[in-house]
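Subject: Structure handover

Hello,

Here is the structure we talked about. Please open it alongside this note, which goes through what was found.

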Amino acid sequence: MKSLLAALFAAFDASALAAPKAESAMECGIAADMAIVARSLAQEEIQRPQANAIMARIYDVSESARGKELMKDILDAAYRSENGSSQKFAEDLFATC
């Protein structure tokens, strides 16, 4: 599964944008999965550096600048909304998809 995710993000890497948006239903599904994990880590008050390491192990986006940026944006949204509303987090995820 890890290599499948890495390959998926590598395929999208060529069209990287400053603020990545999901370009397919599959990529949006992976982003949604990332968001669930990121939000759970934030709610469990896992420190951000550890959360980054956990997400990197799960999604293995090391070979994809686009995948790394998408994961960073999702983690930023999850940790920003840790003290904010779930509505804001949902809006951030929707903007990615």
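Ala77 sits in helix 4. Its relative accessibility is 5%, so Ala77 counts as buried, given that the cut-off for buried is under 20%. Ala77 is 14 residues from Glu91 in sequence, and their C-alpha atoms are 9.3 Å apart. Please keep in mind that this is a predicted model.

Helix 4 first, since Ala77 belongs to it. The buried residues of helix 4 are Arg66, Gly67, Leu70, Met71, Ile74, Leu75, Ala77, Ala78 and Tyr79. Its length checks out. Helix 4 has 16 residues, so at 1.5 Å a residue it should span 22 Å. Its end C-alpha atoms are 22 Å apart, which agrees.

Now the whole protein. It has 5 helices and 0 strands. The order from the N terminus is α-α-α-α-α. There are 97 residues, and 36% of them are buried. The accessible surface is about 5500 Å². Carbon and sulfur atoms account for 59% of that surface. Take the contacts in the protein with a separation of 6 or more: 69% of them join residues 24 or more positions apart.

Helix 2 comes next. It covers residues 25-43. Its 19 residues should span 27 Å at 1.5 Å a residue, and the end C-alpha atoms are 27 Å apart, so the two values agree. Buried positions in helix 2 are Glu27, Ile30, Ala31, Met34, Ala35, Ala38, Arg39, Leu41 and Ala42. Glu27 and Arg39 are on that buried list along with Ile30 and Met34.

How do helix 2 and helix 4 pack? Their angle is about 40°, and their axes are 9 Å apart. That angle makes helix 2 oblique to helix 4. The crossing of this pair is right-handed. From helix 2, the residues that meet helix 4 are Glu27, Ala31, Met34, Ala35, Ala38, Arg39, Leu41 and Ala42. On the helix 4 side they meet Arg66, Leu70, Met71, Ile74, Leu75, Ala78 and Tyr79.

Helix 4 also packs with helix 3. Helix 3 is residues 48-59 and helix 4 is residues 65-80. Here the angle is about 140°, with the axes 11 Å apart. The two helices are therefore oblique to each other, because roughly antiparallel needs an angle over 145 degrees. Helix 3 passes helix 4 in a right-handed crossing. Helix 3 brings Arg48, Ala51, Asn52, Met55, Ala56 and Tyr59 to this contact. Helix 4 brings Met71, Lys72, Leu75, Asp76 and Tyr79.

Two residues of helix 3 deserve a look.

Arg48 is in helix 3. Is it buried or partly exposed? Its relative accessibility is 24%, so Arg48 counts as partly exposed. Beyond its neighbours within four places in sequence, Arg48 is in contact with Lys72, Leu75, Asp76 and Tyr79. Those four are among the helix 4 residues that meet helix 3. Arg48 is also 10 residues along the chain from Ala38, with 9.8 Å between their C-alpha atoms.

Ala56 is in helix 3 too. Its relative accessible area is 35%, so Ala56 is partly exposed. Ala56 and Lys68 are 12 residues apart in sequence, and 8.5 Å apart in space, C-alpha to C-alpha.

Last, the backbone. Most residues other than glycine have a negative phi. Two loop residues here have a positive value. Glu45, which is not a glycine, has a phi near 60°. Glu45 comes just after helix 2, in the loop between helix 2 and helix 3. At 60% relative accessibility, Glu45 counts as exposed. Asp60 is not a glycine either, and its phi is positive at about 40°. Asp60 is found in the loop between helix 3 and helix 4. With a relative accessible area of 26%, Asp60 is partly exposed.

If you have time for two places, start with the helix 2 and helix 4 packing, then go to the loop that holds Glu45.

Best wishes

Methods. Residues numbered from 1 in each chain as written. Predicted model: local features only at pLDDT ≥ 70, side-chain atom pairs only at ≥ 80, totals over all residues. Heavy atoms only, no water. Buried < 20%, exposed > 50% of the residue type's maximum accessible area, 1.4 Å probe, protein only. Contact = heavy atoms within 4.5 Å. Areas by Shrake-Rupley, 256 points an atom, 1.4 Å probe, with all protein chains shown as cover. Expected span 1.5 Å × (residues − 1). Axes fitted to C-alpha atoms, helices over the stretch in contact; angles between N-to-C directions. Parallel < 35°, antiparallel > 145°, perpendicular 65-115°, else oblique. Left-handed = near helix turned anticlockwise from the far one by under 90°.
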